[in-house]
Amino acid sequence: MIVEAIAAFSLITKSQWHPLRTTGSPNFIPKSLYSISAAAKTMSGPTSSGSGSSSSSYQGEAYTTIRERVTFEKEIKRSKFIAVAGHISDERSAATFLSQVRDPKATHNCWAYKIGDQYRTNDDGEPSGTAGKPIYSSIVSYGVDRVMVVVIRYFGGIKLGTGGLVRAYGGVTSECLKNAPTCLVKSKIRMGIEIPFDLLGVLYHQLQSFQVEDINQDYDTGKGDTTMVTFKVSFDKVEGLEDAVRSNCSRDIVFFKD
């Protein structure tokens, strides 16, 4: 799982180019339509969302995230709290993550996520501001980005009060993130594609659609009928770009990632 996550995040660990064929590209977040549909219902309740300044901005050159899903469990006055944290790339993957980890039998499934300057929180029946916001505050305090934390609570019969709930939800989130391995991810990564001349039009159309930057073309490939096209693209668009090129080109195209 860690190896797949590193490949999906396009972590930069070496300076040389590494070839990656478009076939068999790993997917870190499953894309089950059923899961997304189910998650849409669970995320449709009262939520808080917004934007603000952040040291790990969505548009920044790099940010820190967690490398794998982690869980932390704690009992507080007979109530069981289970915090589950994971990496997300957008609202769609957040919905998928929530559908995978929430327990419909639990008393509450409270959550928050942060994607750059954008965030959402949900108290799921707890008093307003006592669950989702403390979860989000802990995410911000830990300095990670593109992360979602879901805290599942099984009520044990003793009410914690407003202050107790804030401390409980914020505390288990902090403990969960403290146990999470982190990694530095570059927002923009350099890629290259060795492609036949007759497919250049198709490729450039896809590059424009995915808003790539710094496009360069090198004809000196040592092969008479191919050229090397290099560019920079947001890491979270890499998989979509590869899929688009794969579906529009009838040949096996080799991608290179720096």
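Here is a chat about helix packing, ring pairs and a few single residues in this predicted model.

User: Before we start, how are residues numbered and which parts of the model count?

Analyst: Residues count from 1 along each chain as its sequence is written, and values for side chains use heavy atoms, with hydrogens and water left out. Since this is a predicted model, local features need pLDDT of at least 70 and side-chain atom pairs count only at pLDDT 80 or more, while totals for chains, interfaces and linings use all residues.

User: What makes H6 roughly antiparallel to H7?

Analyst: Helix H6 covers residues 200–209 and helix H7 covers residues 238–248, and they pack at an angle of about 150° with axes 10 Å apart. Helices here are DSSP runs of H or I with at least four residues, strands are runs of E with at least two, and both are numbered from the N terminus. Axes are lines fitted to C-alpha atoms, for helices over the stretch in contact, and angles run from 0 to 180 degrees between N-to-C directions. Under 35 degrees counts as roughly parallel, over 145 as roughly antiparallel, 65 to 115 as roughly perpendicular and the rest as oblique. So H6 is roughly antiparallel to H7.

User: Which residues of H6 and H7 meet, and what is the mix by class?

Analyst: From H6 come Val-202, Leu-203, Gln-206 and Leu-207, and from H7 come Leu-241, Ala-244, Val-245 and Asn-248. Contact means heavy atoms within 4.5 Å. By class that's six nonpolar, two polar and no charged residues. Ala, Val, Leu, Ile, Met, Phe, Trp, Tyr, Cys and Pro count as nonpolar, Asp, Glu, Lys and Arg as charged, and the others, Gly among them, as polar.

User: And how do H4 and H5 pack?

Analyst: Their axes come within 8 Å and cross at roughly 35°. On the H4 side the contact is made by Pro-134, Ile-135, Ser-138, Ile-139 and Tyr-142, and on the H5 side by Val-166, Tyr-169, Gly-170, Thr-173, Ser-174, Leu-177 and Lys-178. The class count is seven nonpolar, four polar and one charged.

User: Thr-173 is in that list, so what does Thr-173 touch?

Analyst: Leaving aside neighbours within four places in sequence, Thr-173 is in contact with Ala-83, Ile-135, Ser-138, Ile-139, Val-149 and Val-151.

User: Is Thr-173 buried or exposed?

Analyst: Buried means under 20% relative accessible area, exposed over 50%, and partly exposed in between, with a 1.4 Å probe and protein chains only. Thr-173 has 0%, so Thr-173 is buried.

User: Why is the pair of Phe-81 and Tyr-169 called edge-to-face?

Analyst: Rings of Phe, Tyr and Trp (its six-membered ring) pair if their centres lie within 6.5 Å; planes under 30 degrees apart count as stacked, over 60 as edge-to-face and the rest as tilted. By this rule there are four aromatic pairs. For Phe-81 and Tyr-169 the centres are 5.3 Å apart and the planes stand at 90°, so the pair is edge-to-face. Phe-81 sits in strand S5 (residues 79–87) and Tyr-169 in helix H5 (residues 161–178), 88 residues apart. Phe-81 is buried at 0%, and Tyr-169 is buried at 0% as well.

User: How do you know that Tyr-119 and Tyr-136 are stacked?

Analyst: Their rings are 4.4 Å centre to centre, with 25° between the planes, and that fits stacked. Tyr-119 belongs to strand S7 (residues 118–122) and Tyr-136 to helix H4 (residues 132–142), 17 residues apart.

User: What is the burial status of Tyr-119 and of Tyr-136?

Analyst: Tyr-119 has 22% relative accessibility, so Tyr-119 counts as partly exposed. Tyr-136 has 19%, so Tyr-136 counts as buried.

User: What makes the phi of Arg-146 worth a look?

Analyst: Most residues other than glycine have a negative phi. Arg-146 has a positive phi of about 50° although it is not a glycine. Arg-146 lies in the loop between H4 and strand S8 (147–154) and, at 2% relative accessible area, is buried.

User: What about the phi of Asp-214?

Analyst: Asp-214 also has a positive phi of about 50° and is not a glycine. Asp-214 is in strand S11, and at 43% relative accessibility counts as partly exposed.

User: Which residues does Asp-225 touch?

Analyst: Not counting residues up to four places away in sequence, Asp-225 touches Ile-195, Pro-196 and Phe-197. Asp-225 and Phe-197 are 6.1 Å apart, C-alpha to C-alpha, and 28 residues apart in sequence.
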